[in-house]
Amino acid sequence: MRCAICSRQAKGFGWFNARLPRTNPRRYSDKWVFCSKRCLNSFSKIMKKTDVHMIDPSDLERQAMRSCLIPLGEYVASISMERSLADYSQEEVLTLIDVVVTAYQEHMINEHERIAEKESAFFEERIARQTQTASTGVPF
Ligand SMILES: [Zn+2]
């Protein structure tokens with residue numbers, strides 16, 4: 001099972017929708033598993049603030065792939081721009097894969113944390129506005 005945020009191996013961190021009764025099958029999903037408390041927390045914040053609305057993962061995945069371009073280019077340049085991939089040693093290919101996978105995972109985690117923070121600010125502002133309106137007795 002893969003972490004829903006960064007695609008690393010999931011390690012016993014799970015999430016369920018506590019707003020739904022235990023009998024509702026939508027309360028749980030086998031996709032809501034995580035590699036770390038960090039990934040679980042960013043997912044949990046987003047789900048709490050967005051009323052259990054998911055973010056479009058394909059957009060994030062495309063951005064994460066783009067975020068690999070610079071580290072990939074830097075690593076290739078550090079080896080030599082003249083050598084073809086066929087001339088790389090196995091160790092160099094493994095390092096190249098590691099550079100790309102690490103950049104991808106970091107982007108996915110950072111982006112989820114950023115979205116969770118942005119959503120928090122948005123909802124806090126809405127709640128503050130509602131509270132203000134309620135205290136003056138003026139409807140929306
Ligand atoms: Zn993760």
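## Burial, confidence and fold of the chain

Cys 68 is buried, at 6% relative accessibility. Cys 3 is buried too, at 3% relative accessibility. Both count as buried because their values fall under the 20% cut-off. A disulfide is a covalent bond between the sulfur atoms of two cysteines. The disulfide count here is 0. The rule asks for a pair of cysteine sulfur atoms within 2.5 Å.

**Confidence.** This is a predicted model. The mean pLDDT of the chain is 85. A score of at least 70 is reached by 81% of the residues. Confidence peaks in helix H3 (residues 69–79), with a mean of 95. Confidence is lowest in H4, where the mean is 81. Where pLDDT is low, the predicted coordinates should not be read in detail.

**Fold.** The chain holds 4 helices and 2 strands. Along the sequence they run β-β-α-α-α-α. The chain has 140 residues, and 29% of them are buried.

**Helix H1.** This helix covers residues 37–49. Its 13 residues should span 18 Å, at 1.5 Å a residue. The end C-alpha atoms are 18 Å apart, so the expected span and the model agree. Several H1 residues are buried, among them Cys 39, Leu 40 and Phe 43. Ser 42, Ser 44, Ile 46 and Met 47 are also buried in H1.

**The S1–S2 loop.** Phe 16 sits in the loop between strand S1 (13–14) and strand S2 (33–34). Phe 16 is partly exposed, because its relative accessibility of 38% lies between the 20% and 50% limits. Asp 30 is 14 residues from Phe 16 in sequence. In space, the C-alpha atoms of Phe 16 and Asp 30 are 9.6 Å apart.

**Helix H4 and its surface.** Helix H4 takes in residues 90–136, and Val 101 lies in this helix. Val 101 is partly exposed, with a relative accessible area of 39%. Val 101 joins Leu 94 and Ile 97 in a nonpolar surface patch of about 250 Å². Patch members need over 30% relative accessible area, so Val 101 at 39% clears that bar.

The table sets out relative accessibility for four residues discussed above.

| Residue | Relative accessibility | Class |
|---|---|---|
| Cys 3 | 3% | buried |
| Cys 68 | 6% | buried |
| Phe 16 | 38% | partly exposed |
| Val 101 | 39% | partly exposed |

Definitions and conventions. Residues are numbered from 1 along each chain as its sequence is written. This is a predicted model: local features need pLDDT of at least 70, side-chain atom pairs count only at pLDDT 80 or more; totals for chains, interfaces and linings use all residues. Side-chain values use heavy atoms; hydrogens and water are left out. Patches are made of residues with over 30% relative accessible area and no salt bridge: like charges are joined within 9 Å, nonpolar side chains (Val, Leu, Ile, Met, Phe, Trp, Tyr) within 5 Å. Accessible areas come from the Shrake-Rupley method with a 1.4 Å probe; for residues, only the protein chains shown count as cover. A salt bridge is a side-chain nitrogen of Lys or Arg within 4 Å of a carboxyl oxygen of Asp or Glu. Buried means under 20% relative accessible area, exposed over 50%, partly exposed in between (1.4 Å probe, protein chains only). pLDDT is the predictor's confidence in each residue, from 0 to 100. The expected span of a helix is 1.5 Å times one less than its number of residues.
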